[in-house]
Amino acid sequence: MKKGIHPEYYANNVTLTDGSVIQIYSSVKKDLVLSTDHLNHSAWTGQRNNAGDKGKRAAEFKSKFAGFKF
């Protein structure tokens, strides 16, 4: 590899929502504080925010396209 063409990498601290800190490496020197992570995001927790409208979206779709034959 050629020398002098690669960026420098810095150790950055990432603070999760529960207060724990992990260390990552990046070419940008900046610490991060997350407001959403694997501890509270629905993709990892399995909880849905729109669970109250179960079936409502399907019913709206069916009524919107009722004239079409699928």
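Student: How many helices and strands does the chain have?

Tutor: Good place to start. This is a predicted model, and its chain has 2 helices and 3 strands. Reading from the N terminus, the elements run β-β-β-α-α.

Student: How are the 3 strands arranged in the sheet?

Tutor: The general idea comes before the case. Strands of a sheet pair through backbone hydrogen bonds, and the pairing is either parallel or antiparallel. Here, the 3 strands make an open sheet in the order β2-β1-β3, with mixed pairing. The edge strands are β2, residues 21-26, and β3, residues 32-33, and each of them pairs on one side only.

Student: In which sense do β1 and β2 pair?

Tutor: Strand β1 covers residues 10-15, and its pairing with β2 is antiparallel, over 6 bridges. You can follow this residue by residue: Y10 has S26 in β2 as its bridge partner, and N13 stands opposite Q23 in the same way of reading, with Q23 in β2. The two strands form a hairpin with 5 residues between them. Look at G19 in that turn, where phi is positive, at about 95°.

Student: Where does N12 lie, and is N12 buried or exposed?

Tutor: N12 lies in strand β1. A residue counts as buried under 20% relative accessible area. N12 has a relative accessible area of 3%, so it is buried.

Student: Which backbone atoms lie by the polar side-chain atoms of N12?

Tutor: There are two to find in the viewer. The backbone oxygen of V28 lies 2.8 Å from a polar atom of the N12 side chain. The backbone nitrogen of K30 lies 3.2 Å from a polar atom of that side chain. Setting aside neighbours within four places in sequence, N12 also has contacts with residues including I22, Q23, I24, K29 and D31.

Student: Let me try a charged residue. Where is D37 found?

Tutor: D37 is in the loop between β3 and α1, the helix of residues 42-45.

Student: How far away is the nearest side chain of opposite charge from D37?

Tutor: For a salt bridge, we look for a side-chain nitrogen of Lys or Arg within 4 Å of a carboxyl oxygen of Asp or Glu. The nearest side chain of opposite charge, K30, is 17 Å from D37, and D37 is buried yet has no salt bridge. What you can find instead is the backbone nitrogen of T17, 2.9 Å from a polar atom of the D37 side chain. Beyond its neighbours within four places in sequence, D37 is in contact with L16, T17 and W44.

Student: And E8: is E8 buried or exposed?

Tutor: E8 is found in the segment before β1. Exposed means over 50% relative accessible area. With a relative accessible area of 56%, E8 is therefore exposed. Leaving out neighbours within four places in sequence, E8 is in contact with S26 and S27. The C-alpha atoms of E8 and Y25 are 9.9 Å apart, while the two residues are 17 positions apart along the chain.

Student: Stepping back to the whole chain, what percentage of the residues count as buried?

Tutor: Of the 70 residues, 6% count as buried. The accessible surface comes to about 6600 Å², and 54% of that surface belongs to carbon and sulfur atoms. For contacts with a separation of 6 or more, residues 24 or more positions apart account for 0%.

Methods
Residues are numbered from 1 along each chain as its sequence is written. This is a predicted model: local features need pLDDT of at least 70, side-chain atom pairs count only at pLDDT 80 or more; totals for chains, interfaces and linings use all residues. Side-chain values use heavy atoms; hydrogens and water are left out. Helices (H or I, at least four residues) and strands (E, at least two) are DSSP runs, numbered from the N terminus. Buried means under 20% relative accessible area, exposed over 50%, partly exposed in between (1.4 Å probe, protein chains only). Contact means heavy atoms within 4.5 Å. Accessible areas come from the Shrake-Rupley method with a 1.4 Å probe; for residues, only the protein chains shown count as cover. Two strands pair if DSSP finds at least two bridges between them. Lys and Arg count as positive and Asp and Glu as negative; His and the chain ends are not counted. A polar contact is a pair of N or O atoms within 3.5 Å; within protein, one must be able to donate a hydrogen and the other to accept it, and residues adjacent in sequence count only if both atoms are side-chain atoms.
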